[in-house]
Amino acid sequence: MRAALLRLRRGTGLPVAFGGLLDGPRQVRIGELIGTGTRALQGLAISSGNGLGGKAVALSRPCAVTDYHVSRHISHEYDAAVAAEGLRSVLAVPVVVRRRVRGVLYGALRAAQPLGDRTLSAAVAAARDVEQALVVRDEVRSLLAAAREAGAAAEAGPGAGAWEQVREAHGALRALAPRVADAALRAELLAVCGRLESAATVPAQARDRPVALAPREVDVLSCVATGVTNAAAAERLGLRPETVKGYLRSAMRKLGAHTRLEAVVAARRAGLLP
């Protein structure tokens, strides 16, 4: 959210930017402020339909007013907080993921003047950043839940089907990790990957001596382990096919493997893959 608000302020030239994510069924809570002079807006709960932001939530589209306090197109439940900050021209852009509003970004001036299409377009682009981050976060959380379930099933009854689920989840999590901007969530994701790797069926005493592979080499091997082609691995990891080949060759050399299958087996014996 904060990164998106900084982008909004740079792209629009508006001195004030603030916003927040959904906090309840139909309510957004303001959690980030940039360029404000008071704390009047901090923690403000915006209900659907109320004020400018609530209107944007209810309509699922951007809304703007030239002079907030006298506008007849919005309700005025939040006038005191807006007045304390001295805001006049304000725009609100909803953050929408899979047709559901998940938050609102605001940009504002302390003068009453129209906000043009370029300003609105830049604000919408900033909201798209938040939407993409939320999509990735949702996907990570879904995969984390699936990975934990698969890991528990494999430990309870290590059949071939359970381990295939573990390996699929591990590969998907490794592919997502570089796209996760939230440091805490990325750390949680990689920790689950580590647990899946350590739960491998190869007994610890039978594992080969540890091999130092680069993170991207492990990412590529985790994809290869699921049977995908280099092209498919490249698409999943956001890399070029030639880059995937380079990482795979490097991993094979370090593991002393001559084929893709040998590399996967060697990585599992080294405890690098589940």
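In this predicted model, the largest pocket is lined by 16 residues, and those nearest its centre are Met1, Ala133, Leu134, Ala181 and Asp182. The elements that contribute two or more residues to this lining are α1 and α4. Helix α4 supplies seven residues, the largest share of the lining. The space in the largest pocket comes to about 410 Å³. Sorted by class, its lining has eleven nonpolar, one polar and four charged residues.

Helix α4 covers residues 117-156 and includes Leu143. The relative accessibility of Leu143 is 18%, and residues under 20% are classed as buried, so Leu143 counts as buried. Apart from neighbours within four places in sequence, the contacts of Leu143 are with Ala172, Leu173 and Leu176. Between Leu143 and Ala81, which are 62 residues apart along the chain, the separation of the C-alpha atoms is 40 Å.

The strands β1 to β6 make up an open sheet of six, in the order β3-β2-β1-β6-β5-β4, and the pairing is antiparallel. The edge positions are taken by β3 (45-47) and β4 (63-65); each has a single partner strand, so one side of each is left without a neighbour in the sheet. From one strand to the next, the twist averages 25 degrees. Helix α1, spanning residues 2-12, lies across β1, β2 (27-34) and β6, and runs at about 65 degrees to β2.

Within the sheet, β1 (residues 16-22) and β6 (residues 100-108) run antiparallel and are joined by six bridges. Phe18 has Tyr106 of β6 opposite it. On the other side of β6 in the strand order, β5 pairs with β6 in the antiparallel sense over eight bridges. The bridge partner of Leu91 in β6 is Gly107. Strands β5 and β6 also form a hairpin, with two residues between them. In this turn, Arg98 has a positive phi of about 50 degrees.

Strand β5 comprises residues 90-97 and is mostly covered, with seven of its eight residues buried. Its pairing with β4 is antiparallel and extends over three bridges. Here Ala64 stands opposite Leu91 of β5. Leu91 is thus named in both pairings of β5, opposite Ala64 and as the bridge partner of Gly107 in β6.

The search for enclosed space gave one cavity of 30 Å³ or more. About 100 Å³ of space lies in the largest cavity. Phe18 and Tyr106 belong to its lining, together with Ile30, Leu41, Leu44, Ile46, Leu52, Gly53, Tyr68, Tyr78, Val82 and Val90. The lining of the largest cavity consists of eleven nonpolar residues and one polar residue, and has no charged residues. Phe18 and Tyr106, which line this cavity, are also the residues that stand opposite each other in the pairing of β1 and β6.

Further along the chain, helix α10 comprises residues 260-269. Its buried residues are Ala263, Val264, Ala266, Ala267 and Arg268. In an α-helix there are 3.6 residues a turn, so residues three or four places apart point the same way. Helix α10 is followed by Gly271, which has a positive phi near 75 degrees.

Notes:
Residues are numbered from 1 along each chain as its sequence is written. This is a predicted model: local features need pLDDT of at least 70, side-chain atom pairs count only at pLDDT 80 or more; totals for chains, interfaces and linings use all residues. Side-chain values use heavy atoms; hydrogens and water are left out. Buried means under 20% relative accessible area, exposed over 50%, partly exposed in between (1.4 Å probe, protein chains only). Helices (H or I, at least four residues) and strands (E, at least two) are DSSP runs, numbered from the N terminus. Two strands pair if DSSP finds at least two bridges between them. Axes are lines fitted to C-alpha atoms, for helices over the stretch in contact, and angles run from 0 to 180 degrees between N-to-C directions. Contact means heavy atoms within 4.5 Å. On a 1 Å grid over the protein atoms alone, a cavity is a set of points where a 1.4 Å probe fits but cannot get out, and a pocket is an open set with protein on both sides within 12 Å along at least five of seven lines; lining residues have an atom within 4 Å of a point. Grid points are joined across faces, edges and corners, and a volume is the space filled by probe spheres set on the points. Ala, Val, Leu, Ile, Met, Phe, Trp, Tyr, Cys and Pro count as nonpolar, Asp, Glu, Lys and Arg as charged, and the others, Gly among them, as polar.
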